[in-house]
Amino acid sequence: QVQLVESGGGSVQAGGSLRLSCEPSGRLSRSYCTGWFRQAPGKEREGVATIVRTDARTYYSDSVKGRFTISQDDAKGTLYLEMNSLKPEDTAMYYCGAAIVSCANWLKNPLVKHVYWGQGTQVTVSS
């Protein structure tokens, strides 16, 4: 059983930046896709960015492309999300996840079975 622990959320003004981290308690095999997802109140969970652990291919939602960067530290197994030019519509609870799925498909269809989810970290962007 793997636990994921997110950190780095907070409150910023529009245009600001935050860096989220996600640290696994155990070792994830390279078969896993890992990624960041978010959920705003009253809305469904949506994919933000995913990364293929074997070759670091990345996928982004259109709403964050060019502003957010997902990356991984292979040695530590830590997942990161660098968020720049933040907008009020980026306000949400952000979750990291790991699953043995296609990274491209998971981004578009977040609610798959057998996913390790973190507890979430809140990001609030004020105008």
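Strands here are DSSP runs of E, at least two residues long, numbered from the N terminus. With that in hand, keep in mind that this is a predicted model, and start clicking.

**Stop 1: the open sheet**

Select residues 4-7, which make up strand 1, and then residues 18-24, which are strand 3. These two run antiparallel and are joined by four bridges. Zoom in on Ser7 and look across: Ser21 of strand 3 stands opposite.

Now add strand 8, residues 78-83, and strand 7, residues 68-73. You should have an open sheet of four strands in the order 1-3-8-7, with antiparallel pairing. Strand 1 and strand 7 are the edges, each pairing on one side only. If you look at how the neighbours are set against each other, the average turn is 15°, ignoring direction.

**Stop 2: strand 4 and its partners**

Jump to residues 33-39, strand 4. Is this strand enclosed or open to the outside? Six of its seven residues are buried, so the rest of the structure largely encloses it.

Next, show residues 46-52, strand 5, which pairs with strand 4 over six bridges in the antiparallel sense. The hairpin these two make has six residues between the strands, and Gly42 there takes a positive phi near 80°. Worth a click if you like checking backbone torsions.

Then bring up strand 9, residues 92-99, also antiparallel to strand 4 and joined to it by seven bridges. Center on Phe37 to see both pairings from one residue: Gly47 of strand 5 stands opposite, and so does Tyr95 of strand 9.

**Stop 3: the largest nonpolar core**

Switch on side chains for Trp36, Leu81, Met83 and Tyr94. In the largest nonpolar core, which has 28 residues, these four touch the most other members. Strands 3, 5, 7, 8, 9 and 11 (the last being residues 121-126) each supply at least two core residues. Which strand gives the most? That's strand 9, with four.

Stay on Met83 and display its surroundings. Leaving out residues up to four places away in sequence, Met83 touches Gly16, Ser17, Leu18, Leu20, Arg67, Phe68, Tyr94 and Val123.

**Stop 4: the second core**

Last selection: Cys33, Phe37, Cys103 and Val115. They are among the seven residues of a second, separate core. You've met Phe37 already, opposite Gly47 and Tyr95; here Phe37 turns up again as a member of this core.

Conventions
Residues are numbered from 1 along each chain as its sequence is written. This is a predicted model: local features need pLDDT of at least 70, side-chain atom pairs count only at pLDDT 80 or more; totals for chains, interfaces and linings use all residues. Side-chain values use heavy atoms; hydrogens and water are left out. Two strands pair if DSSP finds at least two bridges between them. Axes are lines fitted to C-alpha atoms, for helices over the stretch in contact, and angles run from 0 to 180 degrees between N-to-C directions. Buried means under 20% relative accessible area, exposed over 50%, partly exposed in between (1.4 Å probe, protein chains only). A nonpolar core is a set of buried Ala, Val, Leu, Ile, Met, Phe, Trp, Tyr and Cys residues joined through side-chain atoms within 4.5 Å. Contact means heavy atoms within 4.5 Å.
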